[in-house]
Amino acid sequence: MKKSLMLACALALSGLSASAFAGEGFVRAEVGQSKVKGSIDGIGSGHDDDTAYALRGGYWFNSNFAVEGHYSRFYDQTLYNDGEDYVKGKLSAIGLGVVVKEHATPTDLGFFVQLRGGLSRGKLSINSSLGNGSETSNKPYYGIGAGYDFSKTFGVSLNYDHNQGSGGGLRVSANTLSLGLEARF
């Protein structure tokens, strides 16, 4: 049964024209500022800012729709250090999602707006003089951006993204404003 289904799928795909798959791959680098908020049940909450970056890659199926994978680092700071004891925190995520883009012109060049969203696996790591630990969770992420495509192969954008995580009485969110450069091939 499985072999018959695979054969039927292969025959159906072979009947599609090459133009149905005429997309392009992309790589994207983003750097900006994250506002990280955290709260622990029964203890309290706080927030801090840090430089953030994201590396993204994927495939544009057409000028309006893409899939993407990403690694993002939102926070990497020393939270406490008195010379003897220390606590360092790091917040990062990997994810998979979709991107939808709409240009202001029919040429698919110039100004555009884009939305993205998907599922990410966030990780909070703590390294301290008393020991190390980490917590992970799977949560949705989403973002919006506006930018300019200079050519079919290069564009820039200003982006705002929201990521979140929770577990064991801990809730964390990262809101990131970044500048992105994208190369398409």
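**Exercise 1.** State how strand β1 and strand β2 pair, and over how many bridges.

*Solution.* Strand β1 covers residues 24–40 and strand β2 covers residues 44–60. The two pair in the antiparallel sense over 17 bridges; pairing requires that DSSP finds at least two bridges between two strands. Within this pair, E30 stands opposite A54 in β2.

The model is predicted: local features need pLDDT of at least 70, side-chain atom pairs count only at pLDDT 80 or more, and totals for chains, interfaces and linings use all residues. Residues are numbered from 1 along each chain as its sequence is written, and side-chain values use heavy atoms, with hydrogens and water left out.

**Exercise 2.** Place this pair in the fold of the protein chain.

*Solution.* Begin with the elements: the protein chain has one helix and eight strands, in the order α-β-β-β-β-β-β-β-β from the N terminus. Helices (H or I, at least four residues) and strands (E, at least two) are DSSP runs, numbered from the N terminus. Next, follow the pairing: β1-β2-β3-β4-β5-β6-β7-β8 form a closed barrel of eight strands with antiparallel pairing. From one strand to the next, the twist averages 20°, with axes fitted as lines to C-alpha atoms and angles running from 0 to 180 degrees between N-to-C directions.

**Exercise 3.** Find the share of the protein chain that is buried, and the share of contacts that join residues at least 24 apart.

*Solution.* Of 185 residues, 33% are buried (under 20% relative accessible area, 1.4 Å probe, protein chains only). For contacts (heavy atoms within 4.5 Å), take those between residues at least 6 apart in sequence; 56% of these join residues at least 24 apart.

Technical notes:
Buried means under 20% relative accessible area, exposed over 50%, partly exposed in between (1.4 Å probe, protein chains only).
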